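Hi everyone, thanks for coming. I'd like to walk you through one chain today, so please have the viewer open.

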Amino acid sequence: MSVNSGSHLVADRLAADEDSGVAPSTELLLRTTEAAKRAIRAGQFAPTFRLQDLHGGSVSLLDLIERGPLVVSFYRGLWCSFCDTAIEALAGIGDKIHALGAAHVAIGPPPGDSRQQDRLDIFPMPILIDRGLRVSSAYGLTIELPDDLREQYATAGYVPPNTTESGKWLVPIPATYLIDRTGRIVMAAIDIDYRNRIAPSQILSALRSLQRRAVA
């Protein structure tokens with residue numbers, strides 16, 4: 001995993017169940033590698049968005065960063081066990097994120113069924129619904145699913161998004177961003193292997209670093 005934090009790269013891994021989910025194929029990794037090269041990085045301004053939460057409320061990036069820094073986690077869907085683990089880990093540090101004057105949200109496709117909806121509803125932070133993966137695409141975080149993985153993904157619970165590009169099975173690339181109050185990205189964690197995620201300790205470290213710079 002590479003964590004783009006402006007001037008340096010660090011590496012870490014969020015432990016997950018290696019036996020669950022669908023293993024990435026060579027073609028999937030190649031497509032993800034190419035897409036990740038074009039994804040939004042630290043130092044750039046975050047594309048703005050306005051999305052609905054699980055209950056139909058409207059949430060915008062500008063409203064969120066007006067209150068303080070924001071951690072944004074993009075996930076593939078709860079059909080992916082690694083995403084479930086990552087969202088749970090992010091929720092687990094919510095109090096520490098708030099203590100550092102920041103907020104956090106998770107952004108992903110609509111839940112595929114009532115079970116996924118109920119699971120997402122458990123998490124305390126806002127879960128924002130990216131219909132058609134428009135926001136994920138704006139951040140450069142979508143790839144087209146290879147044909148030979150479609151059946152496996154559908155069996156796991158993946159539902160192709162409704163997009164203007166008919167027939168495309170788009171999948172988000174998991175990523176975590178830290179955005180400051182000006183809208184600039186100060187940390188971007190993107191990995192070509194969706195089984196690897198930024199550790200919660202790294203998110204908190206980045207927030208503390210941002211806080212120190214703000215008072216310097």
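I'll go from the overall picture to the core, then to the empty spaces, and end on one helix.

A word of caution to start: what you see is a predicted model. The chain has 216 residues, and 52% of them count as buried. In terms of secondary structure, there are 8 helices and 11 strands. If we take the contacts with a separation of 6 or more, 73% of them join residues at least 24 positions apart.

Now, please turn to the interior. Which residues touch the most other members of the largest nonpolar core? They are I127, Y139, L141, Y177, I179 and I185, out of a core of 67 residues. The strand that gives the most to this core is β11, residues 185-190, with 6 residues.

Let's stay with L141 for a moment, since we have just met it among the best-connected core members. Setting aside neighbours within four places in sequence, L141 is in contact with A39, F74 and S136. The list continues with V171, P172, I173 and A175, and then Y177 and I190. Y177 is itself on the list of core residues that touch the most other members, and I190 falls in the range of strand β11, residues 185-190.

On to the empty spaces. How many cavities of 30 Å³ or more turn up in a search of the whole structure? The answer is 3. I'd like to show you the second largest, with a volume of about 80 Å³. Its lining includes V171, P172 and I173, and these three are also contacts of L141. Elsewhere around this cavity you'll find L28, T32, R76 and I143, together with P174, D191, I192, D193 and Y194. Helix α1 (26-38) and strand β9 (170-172) each supply at least two of the lining residues. By class, that makes 8 nonpolar, 1 polar and 3 charged residues.

There are pockets as well. The second largest pocket has a volume of about 210 Å³. Of its 19 lining residues, P109, P110, V159, P160 and P161 are the closest to the centre. The lining as a whole has 11 nonpolar, 6 polar and 2 charged residues.

Last stop: helix α8, residues 200-215. Its 16 residues reach 23 Å from first C-alpha to last, close to the expected 22 Å. Which residues of α8 are buried? Here we have P200, Q202, I203, L204, A206, L207 and L210.

That's my tour, and I'm happy to go back to any view you like.

Key. Residues numbered from 1 in each chain as written. Predicted model: local features only at pLDDT ≥ 70, side-chain atom pairs only at ≥ 80, totals over all residues. Heavy atoms only, no water. Helix = DSSP H or I, 4+ residues; strand = E, 2+ residues; numbered from the N terminus. Expected span 1.5 Å × (residues − 1). Buried < 20%, exposed > 50% of the residue type's maximum accessible area, 1.4 Å probe, protein only. Core = buried A, V, L, I, M, F, W, Y, C linked by side-chain atoms within 4.5 Å. Contact = heavy atoms within 4.5 Å. 1 Å grid on protein atoms, 1.4 Å probe; cavity = no way out; pocket = protein on both sides within 12 Å on 5 of 7 lines; lining within 4 Å. Points joined across faces, edges and corners; volume = space filled by probe spheres on them. Nonpolar A, V, L, I, M, F, W, Y, C, P; charged D, E, K, R; others polar.
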